[in-house]
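Here's a quick walk through the sheet in this model. Have a look at the strands first, then read on.

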Amino acid sequence: MVSERMLGLGTARSVIRELFEYGKQRAAVVGEENVFDFSLGNPSVPAPAAVNENAIRILHEDGESIHCYTSAQGDALARRRFADSLNRRYGTQYTENEFYVTVGAAAALCCVFGALTCPGDEFIAFAPYFPEYKVFVEGAGAKLTVVPPEIEQFQIDFDAFGALVNEHTKGVIINSPNNPTGVVYSRETLERLSAILTEKSAQYGHPIYLISDEPYREIVFHGTEVPWVPQIYRDTVVCYSFSKSLSLPGERLGYVLVPTDITDAADVYAAVAGAGRSLGYVNAPSLFQQVTSLCCDMTSDIRVYERNCDLLVSALRDMGYHVTQPGGAFYLFPRSLERDDLAFSERAKQFDLLLVPGSGFGAPGHVRIACCVQTEMIERALPKFRALAESYR
Ligand code: PLP
């Protein structure tokens with residue numbers, strides 16, 4: 001006998017993985033250059049040169065101790081550098097004691113849900129949302145409730161949110177810039193959310209924490225403002241990752257920031273550490289704690305994503321697709337040309353376009369296009385998108 005839940009998770013069908021496998025099989029038949037795989041959110045630009053330079057230098061200078069365990073919450077100097085970087089950018093006064101370094105944003109989120117969950121607690125996410133939230137929240141023993149999408153601008157449907165928030169709501173998850181829409185929440189959206197959370201926390205007599213999942217924080221286009229969420233809502237816990245900003249998804253480095261001014265901050269921080277311990281994380285990779293903390297004011301060449309998204313948005317609109325302008329990240333989330341996004345994704349495969357159905361993100365009637373690909377592949381894919389659109393006329 002094994003755990004039914006874990007068996008289910010381990011054997012569940014993954015649409016993205018299936019698309020990826022299909023793409024490989026199809027490439028063997030028609031050639032790799034004739035398959036247009038827009039399914040994966042793997043950064044397509046290399047990490048800044050300073051990443052490898054620092055890694056090599058550290059291995060030369062510190063080749064023994066760098067492989068040792070660090071403090072469970074992360075090396076103090078690395079945490080200090082993360083704090084200093086945010087303080088420079090946002091005028092804040094964080095110290096290393098507010099950071100808990102993790103194995104990417106995935107672990108950061110798991111630690112936060114594990115830390116906050118008491119029996120009967122619920123978390124709320126806004127569709128479209130990163131599907132792993134459900135896995136992580138349920139893994140912590142809580143329930144995830146999803147607010148239906150606001151499909152014009154992909155901001156927040158506040159009426160729907162107001163109807164779902166209740167006395168069991170322990171936290172609300174936001175992700176801006178967003179996977180899968182690329183949309184950035186405006187200051188106005190965040191202020192309105194903050195006002196509701198403040199009012200509901202007072203009404204229910206306990207804080208409702210805002211969990212701000214920010215792996216795409218620095219990937220913004222055309223100067224779009226990404227407000228610093230803790231300055232808008234006090235009870236905010238930030239989950240961050242270097243997977244996207246520094247193109248290091250395989251190195252697994254991120255952090256939880258528990259600002260000292262949130263309600264019960266000391267307990268929340270200690271419980272985050274406790275959750276990390278119970279999940280067996282021990283500490284995040286030592287070498288990359290140092291490397292990311294030395295490079296945390298940099299990004300890889302994010303202009304490529306801006307160029308790719310701009311190119312595709314204007315071409316798709318010319319062809320008659322409806323697509324909301326992204327403010328950052330590296331995804332587009334156009335409407336599918338038939339109501340059934342799974343059928344639309346299947347039809348796209350006939351044109352060798354691999355697009356992820358929006359249903360998996362809680363927003364049927366859309367598909368996700370990952371623009372973290374070579375620009376010339378997008379250019380070559382445009383006739384395929386046109387042929388796909390024409391097949392519906
Ligand atoms: N949150 C969102 C919205 C993501 O898109 C991802 C990865 O794609 C993660 C969290 C997890 O990131 P990490 O690689 O840091 O675990």
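Let's start in the middle of things: in this predicted model, strand β5 (residues 169–174) runs parallel to strand β6 (residues 209–213), and four bridges join the two. Within that pairing, Ile-173 sits opposite Ile-211 in β6, while Ile-174 has Ser-212 as its bridge partner. To get from β5 to β6 the chain passes through helix α8 (residues 187–204), a β-α-β crossover that is right-handed.

On its other pairing, β6 is joined by four bridges to strand β7 (residues 236–241), and these two strands are parallel as well. Here Ser-212 faces Val-238 in β7.

The residue pairs, side by side:

| Residue | Stands opposite or bridges to |
|---|---|
| Ile-173 | Ile-211 in β6 |
| Ile-174 | Ser-212 in β6 |
| Ser-212 | Val-238 in β7 |

How much of β6 is buried? Five of its five residues are. Tyr-209, Ile-211 and Asp-213 are buried on one side, and Leu-210 and Ser-212 are buried on the other, so both faces of the strand are covered.

Now zoom out. These strands belong to an open sheet of seven, ordered β2-β8-β7-β6-β5-β3-β4, with mixed pairing. β2 (99–102) and β4 (143–147) are the edge strands; each has a single partner, so one side of each has no neighbour in the sheet. From one strand to the next, the twist averages 20 degrees.

Over by β2, helix α4 (residues 76–90) lies across β2 and β8 (254–257), running at about 115 degrees to β2.

How values were computed. Residues are numbered from 1 along each chain as its sequence is written. This is a predicted model: local features need pLDDT of at least 70, side-chain atom pairs count only at pLDDT 80 or more; totals for chains, interfaces and linings use all residues. Side-chain values use heavy atoms; hydrogens and water are left out. Two strands pair if DSSP finds at least two bridges between them. Axes are lines fitted to C-alpha atoms, for helices over the stretch in contact, and angles run from 0 to 180 degrees between N-to-C directions. Contact means heavy atoms within 4.5 Å. Buried means under 20% relative accessible area, exposed over 50%, partly exposed in between (1.4 Å probe, protein chains only). A crossover is right-handed if, with the strands pointing away from the viewer, the path from the first strand over the helix to the second runs clockwise.
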